[in-house]
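Let's go through some labels and ask what each one rests on. Have the coordinates open if you like to check as you read.

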Protein chains: 2
Amino acid sequence: MKHSPLQIARAWYMPKMPVAFQTDIELEEGESTESVADQEEIKNLFPYTYGQPIVKFVPGKSQEYPKITVGVILSGGQAPGGHNVISGLFDGLKRLNPANKLYGFIGGPGGMVAHKYTELTKEIVDAYRNTGGFDIIGSDRTKLETEEQFNSCIDICKQLGINAIVIVGGDDSNTNACVLAEYFKQKITGIQVIGCPKTIDGDLKNEVIETSFGFDTACKVYSELIGNIQRDAASSKKYWHFIRLMGRSASHITLECALMSQPNITIISEEVAAKHMTLADVVDDIARIIIDRAAAGKNFGTVLIPEGLIEFIPAFSKLIQSLNNLLAQNDEFSALPTADEQREYIKGSLNEEDLVTFRSLPIGIARQLTRERDPHGNIQVSLIETEKLLIEMVAKRLAQLKAEGVYKGSFAAIPHFFGYEGRCAIPSNFDADYTYSLGYTSSLLIANGKSGYMASVRNLSEPASQWQPIGVPITMLMNMEQRNGKRKPVIRKALVNLNDAPFKYLEKNRREWAANHSSFIYPGPIQYFGPSEVCDQPTNTLLLEHGKEV
Amino acid sequence: MKHSPLQIARAWYMPKMPVAFQTDIELEEGESTESVADQEEIKNLFPYTYGQPIVKFVPGKSQEYPKITVGVILSGGQAPGGHNVISGLFDGLKRLNPANKLYGFIGGPGGMVAHKYTELTKEIVDAYRNTGGFDIIGSDRTKLETEEQFNSCIDICKQLGINAIVIVGGDDSNTNACVLAEYFKQKITGIQVIGCPKTIDGDLKNEVIETSFGFDTACKVYSELIGNIQRDAASSKKYWHFIRLMGRSASHITLECALMSQPNITIISEEVAAKHMTLADVVDDIARIIIDRAAAGKNFGTVLIPEGLIEFIPAFSKLIQSLNNLLAQNDEFSALPTADEQREYIKGSLNEEDLVTFRSLPIGIARQLTRERDPHGNIQVSLIETEKLLIEMVAKRLAQLKAEGVYKGSFAAIPHFFGYEGRCAIPSNFDADYTYSLGYTSSLLIANGKSGYMASVRNLSEPASQWQPIGVPITMLMNMEQRNGKRKPVIRKALVNLNDAPFKYLEKNRREWAANHSSFIYPGPIQYFGPSEVCDQPTNTLLLEHGKEV
């Protein structure tokens, strides 16, 4: 097998660790905790794991830990650093007791249910240190929800002598981890469950979890590309680049990339929703900046668009809902021979409000909407090329304004979408260090008998040596939400808060960024070997949230 | 103005230079040269610049150089390193005589004709050292061809006291540089012209020019992303990624990226043309590998596609030609109200051969073909999303083969296109060093009275200290070709040679790469500060062409 020079060099990187891990430690337990909302309901649903205290690690006496066996699962979409959670967990377990064993379940939660596993030996773990991807054991999106699944998990744990499971995942996976922990306690299995906060989207964070891993690396990869494109725009002075970025349910990625690269226009879904903006309003806002720049002789620029935008626009969500209702299992529609007839059929069937929205869409996009449907007949929103939708609508609007004499520039636009390019990048130093510490923290939580906890590492805006590992009871993060028509206990998702420092920074500066491409920042590629200020910076989001300068 | 940490750190990078530049030098002239073909014709067209010798730089006595003033032009598409050509040129000129002056023409050759310029002072040059982009003075695609343009250039040179012009560009721009040099000599203006070999496409190379600048960096940026996507494919095991890469007239970028990342499938346009393959053949080849991998339980992988592919397929070029003839200024067609009617109109007008090709295309792509036309009514081939075309056609073919029982896998594909992401990246050490030396070489060629030459630096597969700067007479690279119906002298473009080592390496290994995703290489992002084997590697193409191991 051939490796790139960077793969070879990077394999030797030793993640930086908190000083807390350098001595023997013991746990210090805080006050018992409450869930963020719906305390009574959550307490009733989680009688065995509710109310546990936050735990800290403080210097303690050296002690002997009995041998344990742990199983680890990677759940959901890939995020840079997953492999280092495993290496940190492995090293932590081996330091506690060299006889400890680590199993990996192959192919995510589904693999655990199906009893697919492998022992993670030193040789295997070493081959994946500091690398991107989840390929060491793979992952899937199976939700652990049924008793049948739970019991299958118990079976394989008993079979392998597993004392604890570490689930690496996003908000839903960590909710599942807590459900599992609760079930295991209720059934007196003795099997512990620990979660680790993963998602490039950055929407798993709160008072006690400062960021999810992978967000740092993914944003840096996207920002590298945005910077390159901005330099191209500023050089050729010909094109507007419309750049859609991954992140369906929150706009953290788009916001962080905007802070890193200072584009001319940044759309934040949460702001669009808060201001009750229509798609036409968004288009108008973009057009206005393009017109201003054109008046200054600048017919080029950059626009950042969060993947989830259209789902945050009420009229659009409604239209999608109506189309789903109209077209699912609609044989009459499917039998129509031409696209034009299908379009007429739809126009004849929508109510007035939906019709206005539908008519406002470019024909190509409208057609894509009704064509790209999943096996249930539902529209696949993630396949909608929002950047192209906006380009077409902006072009149309500018043509009108040109006819009215308001706009005198020329408009040529190029679409981009970045998603898969960043999910499996080689983790940045930050993510490599952070995930290693998360894995290491997990081993300590397990060794100290904890279950229904997430590993967390705080003080992340300071150098790694000063980071503070803690254990967070998962029930503390929960509230009740409607999901598929049912009221369920879930970890509250963190959307972009328009009152927090990162958005405020954008808000304060965006007028200047819109006007001056001299504001463009060119972040360049992630560096692993250079000066610390180049290699070890956390995200601007994190720095601003901690009151730091950026 | 805010800069990223990498921008700040990178500004201090001192490009590595050949030892040849460390002493006082003088020129050593070789034998007189001949053009690569059509010697008599080229000689007649370039009586003043034809046949000049290759020049080398050898240690010589210290001498005083009279004060000179130089103008520099960036021509055509951006390529990483353009700014370092300018800083190398600036430093070279200042070392020869601190009183020397450098002007930059704003906005490319068109800017020179329009007399737009700025003096490039130390302050300006310092602000752009080792950065990507052409934004220091901009560029355009104006061709210098008419006497009126030439005379306008002479006027501004006389006005500013310019003794020499450096034109940084691709094959066409360097052809123009030679035409200009010839005209200036003929008119006894005393103004010299020097060219520098630029293009990310890598198709400006030959016996005496080992590579064009920007190719290294662009390929490394694309390979970073391809590697990340491959890791994602290997982790989620769900998707085939179809990745189109910039490079319309040659497939060097795709080939180099394949050598760096070892994807499952690589399409090389030159091979497709040499084997007289149809689009259906290409689709069949891809489908065959997908079926083999599916049989081994692997329903995922990567396919690299050169942007220019369809233009290398004769039936497709013919169809485009026919459609151009049919649709240009065709009011009857444009007046048809629906896409379906337009499609029927086209089907009724094509000859049988074209009709077969047209019918083989997915409807969406066929429609794009006839809709995306330039102001002259011609189809804009570069806007055709070949990766989506192939996905649709492969999906259709696989569905047939599934119905026949040949294929039992599942096929889900994701399209990508990388172009603008790499043209303005921060130059790799290689490109930063190489371009600095090209600029420096230009200053020496000028100081020694040369005109109609290109700066070249050879021995690039060795460390920079051993590089060999030379001057290459441009007529030497020329032959006669048909361009827009006229026979013209042009620099011969270098396509991928199927007999050369880089393609041979792909050919030898691709069967294994198709089968095993364990062959995937993950190059990671360009590094600037780490160990030399990580930071200073030239392209695999260059290494293989020089008989080195990769």
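The questions below set computed values against the definitions behind them.

This is a predicted model, where local features need pLDDT of at least 70, side-chain atom pairs count only at pLDDT 80 or more, and totals for chains, interfaces and linings use all residues. Residues are numbered from 1 along each chain as its sequence is written, chains are lettered from A and ligands numbered from 1 in the order in which they are written, and side-chain values use heavy atoms, leaving out hydrogens and water.

Q: Why is A:Thr541 called buried?
A: Buried means under 20% relative accessible area, exposed over 50%, and partly exposed in between, with a 1.4 Å probe and protein chains only. A:Thr541 has 4% relative accessibility, so A:Thr541 counts as buried.

Q: What joins the side chains of A:Thr541 and A:Glu256?
A: A polar contact of 2.6 Å joins them. The term asks for a pair of N or O atoms within 3.5 Å; within protein, one must be able to donate a hydrogen and the other to accept it, and residues adjacent in sequence count only if both atoms are side-chain atoms.

Q: How do you know how chains A and B are related?
A: Copies are superposed by least squares on the C-alpha atoms of residues with pLDDT of at least 70 in both. A turn of 180 degrees and a shift of 0.0 Å along the axis lay chain A on chain B with an RMSD of 0.0 Å. The two copies are therefore related as by a two-fold rotation axis.

Q: Why is there no bond between the sulfurs of B:Cys219 and B:Cys257?
A: A disulfide is a pair of cysteine sulfur atoms within 2.5 Å. The closest cysteine sulfur to that of B:Cys219 is in B:Cys257, and at 4.5 Å it is too far for a bond. B:Cys219 is buried, at a relative accessible area of 0%, and B:Cys257 is buried too, at 0% relative accessibility. Over all chains, the count of disulfides is zero.

Q: What makes β9 and β12 of chain B a pair?
A: Two strands pair if DSSP finds at least two bridges between them. Strands (E, at least two residues) and helices (H or I, at least four) are DSSP runs, numbered from the N terminus. Six bridges join β9(B), residues 240–245, to β12(B), and the two run parallel. In one of these bridges, B:Trp240 has B:Ala413 as its partner.
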